[in-house]
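Work through the exercises below with the sequence and the model at hand. Each task is followed by a solution in steps.

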Amino acid sequence: MSKDFTYIIPSAPPEAEEVFAAAQVTREYYDEVKFRCEHKQHCEWYRAVALCHRKDLEKMRGELNIFAWFRRQ
C-alpha cells in the first residue's frame, strides 16, 4: 500500500532554500500586482484631474479678462 502513495507524498522534504525562494517569488509577484493596481488608479485620477483643468482653462479663456485692462498703457 505504501507504493501507492509514493507519487503523492514526496520522499524527501524540500530544502529550506527552495521554500524561501518560492515564498520570495510569491511576495514579489503580489508586490508587483499591488504596484500596478496603484499606478493604474493614479493614472485614472491624473487623467480625471487633467480633464477638469482643461475644462476650467477653456472656460477661463471665454471669460472677460479684467486684469488686461489694468496692464494697458
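The model is predicted.

**Exercise 1.** Classify Tyr 29 and Tyr 30 by exposure.

Solution. Tyr 29 has a relative accessibility of 52%. Exposed means over 50%, so Tyr 29 counts as exposed. Tyr 30 has a relative accessibility of 47%. That value lies between the cut-offs of 20% and 50%, so Tyr 30 counts as partly exposed.

**Exercise 2.** State how many aromatic pairs the structure holds, and describe the geometry of the pair formed by Tyr 29 and Tyr 30.

Solution. The structure holds 2 aromatic pairs. One of them joins Tyr 29 and Tyr 30, with 5.3 Å centre to centre and 75 degrees between the planes. Ring centres within 6.5 Å make a pair, and planes over 60 degrees apart count as edge-to-face. The pair of Tyr 29 and Tyr 30 is therefore edge-to-face.

**Exercise 3.** Report the number of disulfides, then the exposure of Cys 37 and Cys 43.

Solution. A search of the whole structure finds 0 disulfides. Cys 37 has 43% relative accessibility and counts as partly exposed. Cys 43, with a relative accessible area of 27%, is partly exposed.

**Exercise 4.** Summarise the protein chain by secondary structure, burial and accessible surface.

Solution. The protein chain has 2 helices and 0 strands. Of its 73 residues, 1% are buried. The accessible surface of the protein chain is about 7,800 Å², and 61% of that surface belongs to carbon and sulfur atoms.

Note on methods
Residues numbered from 1 in each chain as written. Predicted model: local features only at pLDDT ≥ 70, side-chain atom pairs only at ≥ 80, totals over all residues. Heavy atoms only, no water. Phe/Tyr/Trp six-rings, centres within 6.5 Å; stacked < 30°, edge-to-face > 60°. Buried < 20%, exposed > 50% of the residue type's maximum accessible area, 1.4 Å probe, protein only. Helix = DSSP H or I, 4+ residues; strand = E, 2+ residues; numbered from the N terminus. Areas by Shrake-Rupley, 256 points an atom, 1.4 Å probe, with all protein chains shown as cover. Disulfide = S-S within 2.5 Å.
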